[in-house]
Amino acid sequence: MKDIIKQTVGIDCGKQELVAAIGIMDSSFQVSIKATAAFSNNEPGNKQLIDWALKYIDPKVGIQFVAEPTGVYHERFCYYVTSMGYNISVVLPNRAASFLKTLKGKTINDRISASGLAIMGLEKNLDNWQPPNTIMNQLKQLCRERVELIEDITSIKNQIHALTSSAVCSGTTLERQQQRLHLSEVQLKEIEQEMKAIVAANIDLKQRFANVCTIKGVGIITAITVVAETNGFNLVRNQRQLVSYAGLDVIKKQSGTSVNSPARISHRGNRYLRKALHFPSLAAIRSDENTQNIYARLLSRHNVKMKAIVAIQRKLLVLIYTIWKKNEPYNPKFLEQSNKTALTELVHDRS
């Protein structure tokens, strides 16, 4: 019997249950699925899953858990696994789906997905998931609540406009809509005050965010949103990875003479980051001379405003990351560094 050199447990996370598959790789680098099973997605089920996995694995070889996030249903298991001293990797759904396409078979169900995750863990070097910082997690929830409130406020204002512009307007309906609008605006201010209070209460965060806000066009709310959505750039290894996570990376299809699609940003990333950077990029174009020059140069090449604005969004994201890591105020040399990555590939980008 060949020695086992690597073993993983793939987890397909659902609301009610966790479907697990144990994968092993032997000394000849052959991979196989040893067993599959389903468990309840709760604390007793988490314990049963680990106990079940320990019965099949070689105790002399380490074990790696691999999960695919499904909303928030994977979080309980991730916290439990790390608290027990095991490593777990969380693979983005699009990456997991792309890998699954490389495997044999056309049928896809929970057990096959779990098996695919186990095989992916065997064949790839995946980063270990780390529990998010408590403060960053709190800020992230507040940021997303704020975004939802802003969308609600916009919707309510549109409804009020439709009511007041119609030939017949119900007074009671209009009154209720105005009350909803007032309540949402009050809650929006409360959320923003709470976000600022959390930052002000931490000396290190207060200094770091103050440095980030020295970037022209970037305010405290934008800074908090970008940093919180990336968990303080905890697992970001480089600028290219960050840009990809935000969905501002460039994709292009070209093959021979028949396939040559225009380059564009992928949009396969964190939409909250892209949304948070839109208006700051416009503010930076208006208020910062260096940014104005970059914007004008890009606009002169293709005469498409949105292309240039996206390039500025990417530049701001890289600048925020650079200043956060260096923990220094804005310096023009940071702009030169960010231009190399933020603008080179986006010359041919389209939104």
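## Exercises on cores, a helix and empty space

Leaving aside neighbours within four places in sequence, Phe209 of this predicted model is in contact with Val199, Ile220, Ala223, Ile224, Val227 and Trp324.

**Exercise 1.** Identify the residues that touch the most other members of the largest nonpolar core, and then the element that gives the most to this core.

*Solution.* Start with the membership: the largest nonpolar core has 55 residues, and those touching the most other members are Leu139, Met195, Phe209, Phe233, Leu248, Ile320 and Trp324. Next, list the elements that give two or more residues to this core, which are helix 5 (134–165), helix 6 (171–200), helix 7 (203–212), helix 8 (220–229), helix 9 (239–245), helix 10 (271–287), helix 11 (289–302) and helix 12. Among these, helix 12 gives the most, with 13 residues. Apart from this core lies another, of 23 residues, including Cys13, Ala20, Ala35 and Ile63.

**Exercise 2.** Decide whether Ala311 is buried or exposed, given its relative accessible area.

*Solution.* Ala311 lies in helix 12, which covers residues 305–326. Its relative accessible area is 0%, and because buried means under 20%, Ala311 is buried. For a sense of distance, Ala311 and Val19 are 292 residues apart in sequence and 42 Å apart in space, taken from C-alpha to C-alpha.

**Exercise 3.** Compare the reach of helix 4 with its expected span, and establish which of its residues are buried and what covers them.

*Solution.* Helix 4 (residues 110–123) has 14 residues, and from its first C-alpha to its last it reaches 20 Å, close to the 20 Å expected at 1.5 Å a residue. Turning to exposure, helix 4 is mostly covered, since 10 of its 14 residues are buried. The buried residues are Ser113, Ala114, Ser115, Gly116, Leu117, Ala118, Ile119, Met120, Gly121 and Leu122. Their cover includes strand 1 (4–13), strand 2 (17–26), strand 3 (31–40), strand 4 (63–68) and helix 3 (93–101).

**Exercise 4.** Characterise the largest pocket by its volume, its lining and the classes of the lining residues.

*Solution.* The volume comes first: about 1,900 Å³ of space lies in the largest pocket. Of the 45 residues in its lining, Pro69, Val90, Val91, Leu92 and Tyr245 are the closest to the centre. Two or more lining residues come from each of helix 2 (75–83), strand 5 (87–90), helix 3, helix 5, helix 8, helix 9 and helix 10, and helix 5 gives the most, with five residues. By class, the lining divides into 18 nonpolar, 17 polar and 10 charged residues.

**Exercise 5.** Carry out the corresponding description for the second largest pocket.

*Solution.* About 290 Å³ of space lies in the second largest pocket. Its lining consists of 13 residues, and those nearest the centre are Arg146, Ile150, Lys275, Ala276 and Phe279. Helix 5, helix 8 and helix 10 each supply at least two residues of this lining, which divides by class into seven nonpolar, three polar and three charged residues.

**Exercise 6.** Find how many cavities of 30 Å³ or more the whole structure holds, and describe the lining of the largest cavity.

*Solution.* A search of the whole structure finds one cavity of 30 Å³ or more, and the largest cavity has a volume of about 40 Å³. The residues lining the largest cavity are Ile215, Lys216, Asp288, Thr291, Lys315, Leu316, Leu319 and Tyr330. Helix 12 supplies the largest share of this lining, three residues. Sorted by class, the lining has four nonpolar, one polar and three charged residues.

Note on methods:
Residues are numbered from 1 along each chain as its sequence is written. This is a predicted model: local features need pLDDT of at least 70, side-chain atom pairs count only at pLDDT 80 or more; totals for chains, interfaces and linings use all residues. Side-chain values use heavy atoms; hydrogens and water are left out. Helices (H or I, at least four residues) and strands (E, at least two) are DSSP runs, numbered from the N terminus. Buried means under 20% relative accessible area, exposed over 50%, partly exposed in between (1.4 Å probe, protein chains only). A nonpolar core is a set of buried Ala, Val, Leu, Ile, Met, Phe, Trp, Tyr and Cys residues joined through side-chain atoms within 4.5 Å. Contact means heavy atoms within 4.5 Å. On a 1 Å grid over the protein atoms alone, a cavity is a set of points where a 1.4 Å probe fits but cannot get out, and a pocket is an open set with protein on both sides within 12 Å along at least five of seven lines; lining residues have an atom within 4 Å of a point. Grid points are joined across faces, edges and corners, and a volume is the space filled by probe spheres set on the points. Ala, Val, Leu, Ile, Met, Phe, Trp, Tyr, Cys and Pro count as nonpolar, Asp, Glu, Lys and Arg as charged, and the others, Gly among them, as polar. The expected span of a helix is 1.5 Å times one less than its number of residues.
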